[in-house]
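Open the model in your viewer and keep the selection box at hand. Each stop tells you what to pick and what is there.

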Amino acid sequence: MCVICFVKALVHVFKIYLTASYTYTFRGWPVAFRWDDVRAVGRSSSHRALTCAAAAAGVWLLRDETLGGDALGRPPRGARSQAQCLLQQLRELPGQLASYALAHSLGRWLVYPGSVSLMTRALLPLLQQGQERLVERYHGRRAKLVACDGNEIDTMFMDRRQHPGSHGHGLRLVICCEGNAGFYEMGCLSAPLEAGYSVLGWNHPGFGSSTGVPFPQHDANAMDVVVKYALHRLHFPPVHLVVYGWSVGGFTATWATMTYPELGALVLDATFDDLVPLALKVMPHSWKGLVVRTVREHFNLNVAEQLCCYPGPVLLLRRTQDDVVSTSGRLRPLSPGDVEGNRGNELLLRLLEHRYPVVMAREGRAVVTRWLRAGSLAQEAAFYARYRVDEDWCLALLRSYRARCEEELEGEEALGLHGPAFPWLVGQGLSSRRRRRLALFLARKHLKNVEATHFSPLEPEEFQLPWRL
């Protein structure tokens with residue numbers, strides 16, 4: 001054997017050894033925390049813990065209405081005879097089988113490419129370097145968590161509470177939810193970490209050393225144990241927890257804040273409102289029916305619906321050069337400044353329409369939609385200045401409305417940890433011009449443009465906490 005061949009063989013064997021070490025060493029680790037290791041700690045445990053009987057089914061998910069059999073044109077289940085139900089099930093069986101086959105093959109690879117073993121092996125050197133960096137430079141603590149479905153979740157925790165910095169960032173814990181090809185070893189946690197926050201990263205089921213497969217139910221089960229670990233083992237107060245979701249990670253991030261509304265804040269970076277429009281963009285048009293059914297039944301990443309269930313502070317980061325979460329073109333490069341098809345636009349509109357329905361009626365929605373078309377920071381600032389928004393007046397109006405609601409709801413459950421529950425009916429009796437200005441003010445407070453592509457690392461100074469009234 002020649003020397004070159006011997007070296008190549010040695011490198012190949014060494015890579016196989018590293019892969020085995022990286023995976024199997026973690027499998028032998030002791031479990032640091034389980035989903036049922038929950039103890040009541042005052043108000044921080046106001047959420048309901050899963051019982052053993054409910055654990056097999058997993059945590060609760062917000063289901064789409066059309067999945068329950070109440071779609072338009074279909075009679076309620078109770079009104080149909082047994083024979084009609086059986087006939088309907090037989091008719092739907094071929095579609096269900098095709099949907100299942102697509103979801104468990106091509107669908108999962110497209111939605112969660114990071115779970116493909118070949119990708120993990122290709123990225124192995126980078127994953128190991130990233131993990132060594134987190135441990136050596138930031139004193140990261142790796143831990144194995146067990147979710148209610150039995151999946152083992154690989155996590156890394158960087159604690160800054162002993163040295164919180166001049167702004168006290170280290171006292172807050174940022175839980176990072178990676179994208180569909182992201183790993184905590186080399187993912188979105190670098191921005192809050194370098195900004196001085198305490199950080200908890202975790203890998204989706206089937207990613208890296210985490211076990212299982214990354215379907216929405218398993219992802220939510222994993223997120224559940226991660227949040228419980230932060231609250232009950234790391235002992236961070238709920239108000240000091242910030243959930244940060246990038247891309248597909250917006251699903252687990254919004255699920256966490258929907259399920260644990262006492263959490264302090266939510267930051268969504270380069271994410272979308274719903275997966276269906278993005279799936280239809282990359283799949284053949286003739287597959288539309290099958291694609292919609294597969295997404296709704298197996299990958300129902302209903303980010304916007306879950307977002308509207310969270311009453312706390314929210315910040316959306318929209319990347320102006322993002323062609324991944326855009327439906328502007330079909331499989332073609334995105335032209336510079338083309339942000340009209342970015343699904344983050346719909347996410348903002350859904351959020352504002354839920355929270356401030358009076359302000360966002362008619363002219364309010366129209367002016368925010370036009371503002372969202374600004375493809376650069378300069379265009380955005382110019383459009384905002386054209387309407388001469390008086391920010392002091394907007395703040396005074398919102399604070400006055402909140403104070404009035406708090407006075408009326410004093411002692412009632414509707415007055416939550418984040419103030420009066422949404423929706424707010426502020427804006428009644430205002431002129432159209434003032435409603436437009438208030439709508440623009442609220443839009444700018446909830447969405448920030450970042451001039452970057454989808455996969456560009458977020459700069460530390462770009463990571464900010466949401467606006468609080």
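Select Leu106. Is this residue buried or exposed, or something in between? Leu106 is partly exposed, at 33% relative accessible area. The model is a predicted one, so every value on this tour is computed from predicted coordinates. Leu106 belongs to helix α3, residues 82–111. Now add Trp109, Leu110 and Trp287 to the selection. With Leu106 they make up a nonpolar surface patch. Together the four residues have about 390 Å² of accessible area.

**The sheet**

Switch to a cartoon view. Look for an open sheet of 9 strands with mixed pairing. Trace the strands in this order: β1-β2-β3-β5-β4-β6-β7-β8-β11. Which strands are at the edges? They are β1 (33–34) and β11, and each of them pairs on one side only.

Zoom in on β6 and its neighbour β7, residues 265–269. The two strands run parallel, joined by 5 bridges. To see one bridge, show Trp246 and its partner Asp269 in β7.

**Aromatic pairs**

Stay on β6, residues 241–246, and select Tyr244. Then add Phe463, which is in the segment after β11 (447–450). How many residues separate the two in sequence? They are 219 residues apart, so this pair links distant parts of the chain. The ring centres of Tyr244 and Phe463 are 5.1 Å apart. Their planes meet at 70°, which makes the pair edge-to-face. Both Tyr244 and Phe463 are buried.

This is one of 15 aromatic pairs in the model. For a group of rings, select Tyr356, Tyr401, Phe422 and Trp424. These four residues form one aromatic cluster.

**Charges over rings**

Select Arg142 and Trp29. The charged end of Arg142 sits over the Trp29 ring, 5.3 Å from the ring centre. Next, select Arg444 and Tyr384. Here the charged end of Arg444 sits over the Tyr384 ring, and the distance to the centre is 4.1 Å.

**Salt bridges**

Side chains of opposite charge can pair when their charged atoms come close. The structure holds 16 salt bridges. Begin with Asp36 and Arg34, whose side chains meet at 3.1 Å, N to O. Asp36 is partly exposed, at 36% relative accessibility. Arg34 is also classed as partly exposed, at 33%.

Move to Glu363. What is its relative accessibility? The value is 14%, so Glu363 counts as buried, the cut-off being under 20%. One partner of Glu363 is Arg362, with the closest N and O atoms 4.0 Å apart. Arg362 is exposed, because its relative accessible area of 63% is over the 50% limit.

Now add Arg435. The side chains of Arg435 and Glu363 meet in a salt bridge at 2.3 Å, N to O. Arg435 is in helix α16 (residues 432–446) and Glu363 is in helix α13 (residues 363–372), so this pair ties together parts 72 residues apart in sequence. Arg435 counts as buried, at 12% relative accessibility.

Keep Arg362, Glu363 and Arg435 on screen for the last view. Salt bridges link these three residues in a network. Colour them by accessibility: Arg362 is exposed, whereas Glu363 is buried and Arg435 is buried.

Conventions:
Residues are numbered from 1 along each chain as its sequence is written. This is a predicted model: local features need pLDDT of at least 70, side-chain atom pairs count only at pLDDT 80 or more; totals for chains, interfaces and linings use all residues. Side-chain values use heavy atoms; hydrogens and water are left out. Rings of Phe, Tyr and Trp (its six-membered ring) pair if their centres lie within 6.5 Å; planes under 30 degrees apart count as stacked, over 60 as edge-to-face and the rest as tilted. Helices (H or I, at least four residues) and strands (E, at least two) are DSSP runs, numbered from the N terminus. Buried means under 20% relative accessible area, exposed over 50%, partly exposed in between (1.4 Å probe, protein chains only). A charge sits over a ring if NZ of Lys or CZ of Arg is within 6 Å of the ring centre and within 35 degrees of the ring normal. Patches are made of residues with over 30% relative accessible area and no salt bridge: like charges are joined within 9 Å, nonpolar side chains (Val, Leu, Ile, Met, Phe, Trp, Tyr) within 5 Å. Accessible areas come from the Shrake-Rupley method with a 1.4 Å probe; for residues, only the protein chains shown count as cover. Two strands pair if DSSP finds at least two bridges between them.
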